Amino acid sequence: MPEESVDECKPLLTKGMKESKRLKFPNKSLLLAAFATCIGGTFQCGYNISVINAPTMHVQAFINRTWSDRYQANISENALTLLWSTIVSIFTLGGLLGVTIGGTLSVKLGRKGTLLSNNLFSLTAALLMGLSSSVGLFEFLIIGRFLIGINAGIGLCVEPMFLGEISPTAFRGALGSGTSIFLTVGILSGQVMGLNEVLGEEQFWPYLLSTTCIPAILQLLILPWFPESPRYLLIDKGDEEGCKNALRQLHGLDDCDSSLEDIQKEKSNLEGFQAKKPWELFADRSLRWQLLTIIVINMAQQLNGVNAMYFYADYVFLQSGIPLDKTPYATVGTGACECFTALTCGLLIECLGRKVLITGGYILMSICCIFFTLTLAFQNVSPVFPYLSVACVFAFVLSFGLGPGGVTNILNNELFTQTARPAAFVIAGTVNWLSFFLVGLLFPFIVIGLQHYCFLVFFVVCSSVAIYILLVVPETKNKTFVEIQNEFKSSEKASTSEGSGTTLLSTCL
């Protein structure tokens with residue numbers, strides 16, 4: 001190469017080296033904002049999913065005592081079971097309500113404003129559950145769990161939206177995986193706090209349930225120091241100066257211009273459009289594949305068998321020789337595995353991409369379903385099979401955390417532009433919470449009917465979703481929201497022009 005050409009390339013190479021160096025690590029303000037968002041969002045949800053398991057016997061004893069003092073008679077076994085199941089499951093109904101109002105609140109109050117206001121539900125729930133024992137009202141537990149469910153629903157709806165909107169394109173996947181990382185950390189924290197060595201003793205259960213106020217207080221102390229979503233400020237509110245200031249704080253002075261240009265392009269594409277309502281998305285044919293995709297992946301996240309695997313975990317741990325009083329520690333081990341894979345997913349997602357991780361996760365889960373069914377079927381044939389079952393439990397949980405658990409919420413965020421995103425999260429969250437509720441309701445009957453062969457049903461779910469994602473969902477890594485929308489449009493045009501069979505399929509959907 002001539003010396004002149006080399007000299008001309010030097011400034012470009014230097015510039016490229018500087019940019020790659022700058023993109024190695026996000027701005028500290030951005031990381032702190034993401035931490036504050038997640039600690040009061042999905043961490044809360046995960047914590048309250050798992051923390052209720054440890055004090056089961058203690059809360060039931062409290063209900064029995066309260067009932068006896070109130071009515072001078074012992075509560076019947078059926079009534080006790082009904083009250084306990086209500087305390088546990090009303091969390092999902094609260095979550096369903098929370099997710100339906102989360103999208104609307106995120107438009108009215110802003111993403112940050114909604115997250116901060118959401119802590120009111122958490123603090124009230126902590127107060128009610130903490131006081132329930134001293135005032136002798138188990139009804140406070142039901143109300144508290146319902147309120148904390150609303151908090152979880154709003155958090156799961158708004159948190160990934162906020163994270164996706166404050167992140168630069170290059171870090172959107174990594175920061176978006178914070179949703180699943182903090183969810184799994186929350187689950188693990190709830191399991192650890194419920195151990196006898198921490199707050200698992202009978203006299204401590206009201207304090208255990210009221211600790212949900214701690215992440216709420218942390219968010220209220222940290223998040224107000226950070227700005228509202230730059231995209232919300234410019235596209236929804238038309239506040240260009242506020243958007244610039246937010247970008248400077250979150251992205252730094254060097255990157256704020258390119259981020260502003262990206263947001264302005266999206267704004268120009270959405271000129272004249274108002275924020276859509278959930279039912280309007282169903283009528284919009286240009287969004288049908290995106291909408292179908294989030295419905296499929298959110299149903300699959302609850303119907304893929306991970307809840308069933310946790311259900312069988314205690315059984316296989318006992319079969320492998322782990323004493324009954326030590327099984328909670330083995331369960332904590334599964335939670336730690338899921339935390340590890342969620343963190344791994346966050347590190348790999350910008351390298352491997354969303355599609356590889358979520359498809360690979362579902363394929364590995366499909367394989368685990370087959371092996372787990374076989375090991376359970378031959379449980380009494382050889383002492384080796386119980387240990388193989390334990391290996392399948394951990395492999396399944398690892399596969400879920402690495403793929404579906406980490407990527408689903410990121411895709412919910414990336415497949416839609418600003419005007420459709422809040423409504424899309426309402427639909428995705430509604431599908432997710434309804435599926436969660438149905439699994440809790442129907443799973444015991446499925447286990448009774450099919451026993452360990454129920455994992456063949458989950459094999460069909462996991463393999464079908466893997467095929468769907470391979471065929472329909474494009475890779476979204478390092479693409480702006482506008483580019484992702486254009487890719488869906490171009491894919492639809494290509495499928496429509498491929499002949500009558502494909503045209504019929506497009507028309508049906």
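Two residues are in contact when heavy atoms of theirs lie within 4.5 Å. By this criterion, and leaving out residues up to four places away in sequence, Arg 70 touches Gly 136, Leu 137, Phe 138 and Glu 139 in this predicted model. Arg 70 belongs to helix H4, which covers residues 56–71. Although Arg 70 and Gly 136 are 66 residues apart along the chain, their C-alpha atoms are separated by 9.2 Å. The side chain of Arg 70 also reaches the backbone oxygen of Gly 136, at 3.4 Å. Arg 70 counts as partly exposed because its relative accessibility is 29%, a value between the limits of 20% and 50%.

Confidence varies along the chain. The average pLDDT of the protein chain is 85, and 89% of the residues score at least 70. Among the elements of the chain, helix H11 (residues 213–222) has the highest mean pLDDT, 97, and helix H25 (residues 500–508) the lowest, 34. Over residues 1–23 the pLDDT is below 50, and this stretch has 5 contacts in the model beyond near neighbours in sequence. Over residues 499–509 the pLDDT likewise stays under 50, with 10 contacts beyond four places in sequence.

Two helices were compared with their expected spans. Helix H5 runs over residues 77–108, and its 32 residues should span 46 Å at 1.5 Å a residue. The end C-alpha atoms of H5 are 46 Å apart, so the two values agree. H5 nevertheless contains a kink of about 35°, centred on Val 88. Just after H5, Gly 110 takes a positive phi of about 85°. For helix H16 (residues 288–303), the 16 residues should span 22 Å at 1.5 Å a residue, and the end C-alpha atoms are 22 Å apart, so here too expectation and model agree. The buried residues of H16 include Arg 288, Trp 289, Gln 290 and Gln 301. Just after H16, Gly 305 has a positive phi of about 105°.

Gln 301 of H16 is also in contact with Gly 405, as are Ser 180 and Phe 400, when neighbours within four places in sequence are left aside. Gly 405 lies in helix H21, formed by residues 404–414. With a relative accessibility of 13%, Gly 405 counts as buried, because the limit for burial is under 20%. Gly 405 and Gly 361 are 44 residues apart in sequence, and their C-alpha atoms are 8.9 Å apart in space.

Ser 389 is found in helix H20 (residues 384–402). Its relative accessibility is 0%, so Ser 389 counts as buried. The side chain of Ser 389 makes a polar contact with the side chain of Thr 375, at 3.0 Å. Besides Thr 375, Ser 389 is in contact with Val 316, Phe 372, Leu 376 and Gln 379, leaving aside neighbours within four places in sequence.

The cysteines were examined for bonding. A disulfide is a covalent bond between the sulfur atoms of two cysteines. The structure holds 0 disulfides. For Cys 454, the closest cysteine sulfur is in Cys 369, at 8.7 Å, which is too far for a bond, because a disulfide requires the sulfur atoms to be within 2.5 Å. Cys 454 is buried, with a relative accessible area of 0%. Cys 157 also counts as buried because its relative accessibility is 0%.

Technical notes:
Residues are numbered from 1 along each chain as its sequence is written. This is a predicted model: local features need pLDDT of at least 70, side-chain atom pairs count only at pLDDT 80 or more; totals for chains, interfaces and linings use all residues. Side-chain values use heavy atoms; hydrogens and water are left out. Helices (H or I, at least four residues) and strands (E, at least two) are DSSP runs, numbered from the N terminus. Buried means under 20% relative accessible area, exposed over 50%, partly exposed in between (1.4 Å probe, protein chains only). A polar contact is a pair of N or O atoms within 3.5 Å; within protein, one must be able to donate a hydrogen and the other to accept it, and residues adjacent in sequence count only if both atoms are side-chain atoms. The expected span of a helix is 1.5 Å times one less than its number of residues. The bend at a residue is the angle between axes fitted to the seven residues ending there and the seven starting there. pLDDT is the predictor's confidence in each residue, from 0 to 100.
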